[in-house]
Every structure is written in structure tokens, then in C-alpha cells.
Amino acid sequence: MSPQTRIVTLHAIAHGRAGDKGNVCNVSVIAYQPDGWPIIDKQVTAERVRGVFEPYGVSRVERYALPQLRALNFVIRDGLGGGVNSSLALDRHGKAMSFLLLGALEVEIASDLVHLLAGREAGDASFP
Amino acid sequence: MNGIHDKMLIGCGAGFGGDRYDAAGPVIAAMSGFEGPKYLIFECLAERTLAAAQLERLREPTKGYSPFLDKYVEPNIAAALKAGIKVVTNLGAANPVAAAARVASIGSAVGCGPFLVVAVVGDDIRATFSDADIRAASWIDGADHRDKPILAANAYLGADAVARALQAGADIVLVGRTTDSALVLGPILHEFGWRDPDLLASGIVCGHLLECGAQVSGSYFADPGFKDVPDLAHVGFPIAEVRRSGDVTITKPADTGGRLDVSTVTEQLLYEIHDPSAYVTPDVICDLSGVNLRQEAADRVSVSNARGRGRPSALKVTVAVDDGWLSEAEMSYGGPNAFRRATLAGEIVLQRLQEAGVRRPVAFDIIGAGAALGRGHAAYRDGQDFSGDDFRLRLALASPDQGEAERLVDEVRALYTCGPAGGGGFRSHFAPQLATGSILVPRDQVEPHVELHRVPGGTS
């Protein structure tokens, strides 16, 4: 990490929602700001997302980009314990999977992009 | 009405069976003054609730419609009919004909009439497909349950079936299994007669954005300090303004809570979508990858540039099967060293089940230590420790053997006297489990038709 950059969680610059169909989960990742889009487009790869969901038995992750909406859509296969009607999990739909991803991935942003940080993160006085 | 209006309104009063019963009121009020065609949908049918409804219908032939029907219809039917708002809903579940009779009866009781309730039937394919046919079909989406007892098999009907009910003159349409978006595209087909694939795709997108209720208008969105949403206690449900040209604008009633902007609509646009360029519905294959969203004004977002191409020759059928029993049981541990007492309790139950010959997987969660994120037993065994003074052990087991499933509940309950110190707050859940899978059937082998239920003149 160079002194001109800062590492933040994906949650600080993007939001998203998880959906389920059978044993397939999809998670959208949407940049809050226009100049957050190139950061997530470049850094949030299918491979990294797959790494986050590896412990859940995921077989495959597909990634789709919708630049005009500053959005990525990840399709995460076979990670929901059989799906809502078969899963033994507490959260059978996998509704929390979006926040799992937003919290687990970190992205590197230029220090002068502090305006990217959403809400409370932006008010963090410890920013260099 | 067809052919003379350029604009129609479609509001949503429920996005799932269990949504707020009072959500439709402001939507009806907001649409009432509009002179053109106006519709209200209630989307209340999930795959598992349909299967449960099928079982209820087997037990009681006059039932099998949604258990929520009265709660949505009773408070809204008079205001909707009075305002000339047509209602389209899948509250029919496994028995749309019985649901239509029930709606007629509710309407009569509150002084409505005359009005016409139309039931759409034909989604239940078991009249034409034997269990052997269903087992022989190719099972898609990775779940193959052909070896289990079949409880229900319902095809996803498209918007044509809904439009047919409206052409019969329906004021209220009761369907069973259609796509959720058909509840919206059906009225659009009826009013505007769209056939162009791009127009059909924009109708599907409109339906997709409305079908989960306020999930497009600020609910299921709030993340305090990051994404704040005003007045979720009174969140406004969405209304779509649809023009004959294909332009769609999503809005919500004035003086309601929530927020409707490009961010909230983007989250809902991608909700439960896989490849955005190939979103398959019975009506059209949609390409959502180039959809544009634009904030027109406060709480108004226009949606454009959906593309469509052809429609599939097969319909998707959800098959529900008997999948044995599911048991879940929980016990809480608080105060100093609570995490280690909770994990010890779980280990004790696992050992007891093992010694009793249970070989099936047991879910082992500690609520308060990542359980909602699916971080289970492996994380705790790896020696991760969690500080805190409030943890809740949760175990779950699925089994075709009722006794084996019950054993889990018995062992967790026995922790009261035989487990670690200070366990309390035992709760358990034990129920038959329905699994679902999907098959494809040729479109021409599914024949929806409508049944009319006419209610004579009343006093209103």
C-alpha cells in the first residue's frame, strides 16, 4: 500500500442486495459514487468473490457488469446448502450474503477519493 | 377501455405473503383520482407456500388458497372496486376457483357489487402429467428430487393467462402459479396489446421492479449511517406509470415513507437476477444489461432500454416433494465465558447424537458468532474465540426419519439439566420439510383457462 492510497472494506464504497433461486445466490455490488465504479470494476473480480464464498461449497462464480448503473452482479452457484427449502442454515435464503461480501472484501482507493466513503466511514476523523 | 388510453397505472399492495396488510391503502388512494386504467397487484406466492397450499387442498377441497387472502382482500376490496381499480393477485395459490368464491363472498359481505371475479387455472400439471412423466423429465437447476414422493407440480404461466381473465371482464383476477411479473405484464397486454419483444421486456422489468413491494421504494435497503431511509414504519409501496410507447416510471404515494431513487431501483433490478442479458420468462427472454435508470423528480425513477428476444418453447414447472423432517433447537448462554459454554453444549449434543447412531449432518451455529453469515462449526473448531456475553447455540437436522429428527430437539432440551452451567431460553421447531426442484415441459402441453364468478349488484 503506497502512502497515497488507503485500504477500506467494500462496504465503505458500495452497497448491494442478495437474492436466491434454489441453490444459487446472486449478489449485486453497486458503487455509491461514479468514481467508485472503476475501483470496484477493477478490483472486485470473480476470483476474489469466489474466495470469499469458498467455505460455503461454491462450485462457480459468474460476474456481470452494468457500467451505466455502476453495478456488478455475481452469480454464486451451490453455496446455499441446497437452497431455501433444504438448507439447515439459520438464514436459509442467504439474505445476509450481500453483507458477507461487502464486509469480507477490501479495496484500495486513492487517498484523494475520500468523498467515496459512504456515511459513517466518510466522517472518520482518523483519515490520513 | 382498450385502445383509448396512453397511460395506465399499476400499484403493488404486497410483495410476499406476510407483507404489511395496510400497505395497499395509500396505493389505492393515490391511484383513485387517475382517469385511465388502473390495477393493483398482490404478490403473495412462494414455491414452498404453494406446495403447502396443495397439501391443504388435498385435506380440504374448498381450501388451498393463500391463508393470507382475507387479510389483504377484506380491508381493500371496497375501496379498490369503488375507484375502478382492478385487482390481480396470486392469492389463489393451489385453488384459485375456491379463492374466487371466497373473494366474492368477502365483497358481498362488505356491500360491493356487481363485480366479476375470474380464476385462472391450468398451472397444476398433475391432471395431464403422471408422477412417472414428471420423474422422467429432465430436472434443471441442480436439484434432482425424482426419488421422493411428489406433492405438487405447477407450471409458471405467463402474462397471456392473466390477460385472458381480464378480457373476460374481470374486476378481480385470482391466479395460482404464474411468474410474478405476469401479474403486471398481464394488465399491460390487456390494455396496450403489446407484441414487440422490446415492449414485452419493458413490461417484464416493470413487473420485476413491482413484484417485491417496497423493496424498490426504500425497504430492505437501510444500512444506518450508510444508506438511510426515512420513515420505514410507513414505507410507501410502488406505483408504476406505464405508457403505450413502453416508457415506465416507478413512483410511490405522496406522504409515505421510504425513498425511490436510482440506488434503490438498481438493487431491486438485480434482485434474483442471474445473467442480466438472458432473463428468461414465459413471455419473453429479456436483456436487462443495458437498462437505464433516471431520477425524473423526487421519488420518481424512469426505466428504459430493456430489450427482448423471442420466448422459450418450454415452461418451467416447480415440483414439490416430501423431504422428511426438519428439526431445529436453540439454547442461550450469557455472562462470563458464554461462548465456551455454548460450544461445549453443542459438542455434548453432537456426541449424544453420534452415539445414538445419527449419521446425518447436523448444523452447529452459535448465534452471535457469525451464524447469520453461515459461519458454523468449522470456524469454532478452528479455535476462533469470540468475546461477548450473549451467545445462543442453534442446532438443526433434516432426516426422513421423524424419530431421528425429534432426537435433536430432545437432546438440546435435556441440556437444561445435563449441559453446561447457565443454559436458558430453550426453543425448538419441528416440521415436515418440503423440497422443490424444477423441470421443463413443452408450452403446448399446458393449457390455462378461466372460470368466472359473477357477484350480483350490491348496495355500494
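Entry 1, surface. I looked up the accessible surface of chain A in this predicted model. The total is about 5,200 Å², and carbon and sulfur atoms hold 54% of that area.

Entry 2, burial. I then checked how much of chain A is covered. The chain has 128 residues, and 54% of them count as buried, which I take as under 20% relative accessible area.

Entry 3, secondary structure. I listed the elements of chain A and found seven strands and four helices. In sequence order they run β-β-β-β-α-α-β-β-α-β-α. Four strands therefore come at the start of that pattern, and a helix ends the pattern.

Entry 4, contacts. I asked what share of the chain A contacts with a separation of 6 or more joins residues 24 or more positions apart. The share is 65%.

Entry 5, pocket. I turned to the second largest pocket, which holds about 950 Å³ of space. Its lining has 38 residues. Closest to the pocket centre I noted G81(A), S87(A), L88(A) and A89(A), together with A363(B).

Entry 6, pocket elements. Which elements give two or more residues to this lining? From chain A I noted α3 (97–104). From chain B the entries are β16 (362–367), α12 (377–381) and β17 (390–399). The most comes from β16(B), which gives four residues.

Entry 7, pocket chemistry. I sorted the lining of the second largest pocket by residue class. The nonpolar class has 22 residues, the polar class 10 and the charged class six.

Notes:
Residues numbered from 1 in each chain as written. Chains lettered and ligands numbered in written order. Predicted model: local features only at pLDDT ≥ 70, side-chain atom pairs only at ≥ 80, totals over all residues. Heavy atoms only, no water. Buried < 20%, exposed > 50% of the residue type's maximum accessible area, 1.4 Å probe, protein only. Contact = heavy atoms within 4.5 Å. Areas by Shrake-Rupley, 256 points an atom, 1.4 Å probe, with all protein chains shown as cover. 1 Å grid on protein atoms, 1.4 Å probe; cavity = no way out; pocket = protein on both sides within 12 Å on 5 of 7 lines; lining within 4 Å. Points joined across faces, edges and corners; volume = space filled by probe spheres on them. Nonpolar A, V, L, I, M, F, W, Y, C, P; charged D, E, K, R; others polar.
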